[in-house]
Amino acid sequence: MKPILCISFFFFCFSSFSQNQEKANTYFDVHFFRGNIYKHKDEVSHLISGHPNGFLLSYNWKTNGNKEWHQAYNYPDYGISFHYIDFKNNYLGHNFALGIHYNFYFLKRNLMFRVSQGIGMTSHPYDKETNNKNIAFGTKLMDNTYFLLQYKKENIIEGVGLQTGFLLNHFSNGRIKSPNIGLNTIAFNFGINYNFAEQQEIKRDSLPSKSNFVEPIRYNIALRTGVSEGPIPDLGQRQFFHLGLYVDKRLGRKSALQAGTDIFFSQYLKDYIQFVSVAFPKDHKNYTDPNTDYKRIGLFVGHELFINKLSIETQLGYYVYKPFHYEDNIYQRVGLKYYLYKNCFTGIGLKTHRGRAEAVEATLGIRL
């Protein structure tokens, strides 16, 4: 289910980026990188046996100011990218990924920051019989996120430029299936870029006043769903429903603050509660009553960053009702949100506990 959702959302967002655009400059870049796997848990030590390396290819569209959000974000680029990474480890093999991205510019456009979201595929997923040492990737298809921080120079010689910097790369399946420790790679990269056309004239109209975007408090209802599995392999994938009820207050062109409550109906917890109740006797400190309620309720605060019809949502929550003592009492959510209409949105996000993924959430909601 998750790969289908990711692929659908990927092409949906990418088509929304490209539609109704005036002819703009495009450019191509290629990077080669080499780095290290970050040991975020002791359990991944056996997966670190060399220096991962690979390459990154991307095609980019430049914005020119014909839309208000271009100017608000200092004329960013958007594009599509493909990359390959060899982990230099027999259990991990190599991964491929396809993603969409934004490039944001700072320091007179010499510093570029890219954020990308996409789908990845591994050559050596976990298998109980043939590859049970790969506890990082429990599925062949998974989520991929990467960040680039680059010093960039364009058109040094006849359209050819150079860029160099650092790459942070993350693969995880969002625990739609266990195991799923995930992997983070930090690498140094060097690349070249090539512009296909001469520099396009940039439109520099005056931006609307921030007061034009100030709104009264709005009320939101968000239904999030997907599938997830408990931390023990082969417990089984179960569908979940997370209901969010919250208010938001828009403060200006780019930001809105949020506050509300989440109600979690995570079916996989019912299986895990049954497992724990059988695994530990009644006199053991970890014994759990099999009839323990699996439902949870949380309170959260959040922030929404508006770009165009697409926005980035981050939330921090605390469970006020959680009878089964599992994971931390604090949870986080980060995701992409797309406004289909003014008051209707969809999206996809990741719910975690201090970086440990619990669920990939497909969202449908209304904003009143």
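How many of the 10 residues of strand β15 are buried? Keep that in mind while we walk through this predicted model, and we will come back to it shortly.

Let's start with the whole chain. Its secondary structure comes to 3 helices and 16 strands. The radius of gyration is 22 Å, close to the 21 Å that the globule rule gives for 368 residues, so the chain is as compact as a globular protein of that length. Along the principal axes, the C-alpha atoms fill a box of roughly 75 × 55 × 30 Å. Buried residues account for 48% of the 368. If you look at contacts with a separation of 6 or more, 63% of them link residues 24 or more positions apart. On the outside, the chain exposes about 17700 Å², and carbon and sulfur atoms supply 62% of that area.

Now turn to the barrel. Here 8 strands close up in the order β1-β2-β3-β4-β5-β6-β7-β8, with antiparallel pairing. Neighbouring strands of this sheet are turned by 25° against each other on average, direction ignored. For one pair within the barrel, look at β5 (residues 111–122) and β6 (residues 141–157), which are joined by 11 bridges and run antiparallel. To find your place between these two strands, pick out Met112, which stands opposite Gln150 in β6.

A loop is worth a stop too. Between β2 (53–62) and α2 (68–72) you will find Asn64. Its side chain reaches the backbone nitrogen of Asn66 at 3.1 Å. Asn64 has a relative accessible area of 5%, and because buried means under 20%, this residue counts as buried.

That brings us back to β15, which spans residues 344–353. The answer to the opening question is 8 of the 10, so the strand is largely enclosed by the rest of the structure. Part of its surroundings is easy to trace, starting with β14 (residues 330–341), which pairs with β15 in the antiparallel sense over 9 bridges. Within that pairing, Gln332 has Thr352 of β15 as its bridge partner, and a hairpin of 2 residues joins the two strands. Strand β16 (residues 356–367) also runs antiparallel to β15, and 10 bridges join them. Here Thr346 has Leu364 in β16 as its bridge partner. The hairpin of β15 and β16 has 2 residues between the strands, and in it Arg354 takes a positive phi near 50°.

As you follow these strands, remember that in a regular strand the side chains alternate between the two faces of the sheet.

Technical notes: Residues are numbered from 1 along each chain as its sequence is written. This is a predicted model: local features need pLDDT of at least 70, side-chain atom pairs count only at pLDDT 80 or more; totals for chains, interfaces and linings use all residues. Side-chain values use heavy atoms; hydrogens and water are left out. Two strands pair if DSSP finds at least two bridges between them. Helices (H or I, at least four residues) and strands (E, at least two) are DSSP runs, numbered from the N terminus. Axes are lines fitted to C-alpha atoms, for helices over the stretch in contact, and angles run from 0 to 180 degrees between N-to-C directions. Buried means under 20% relative accessible area, exposed over 50%, partly exposed in between (1.4 Å probe, protein chains only). A polar contact is a pair of N or O atoms within 3.5 Å; within protein, one must be able to donate a hydrogen and the other to accept it, and residues adjacent in sequence count only if both atoms are side-chain atoms. The radius of gyration is taken over C-alpha atoms; the globule rule is 2.2 Å times the number of residues to the power 0.38. Contact means heavy atoms within 4.5 Å. Accessible areas come from the Shrake-Rupley method with a 1.4 Å probe; for residues, only the protein chains shown count as cover.
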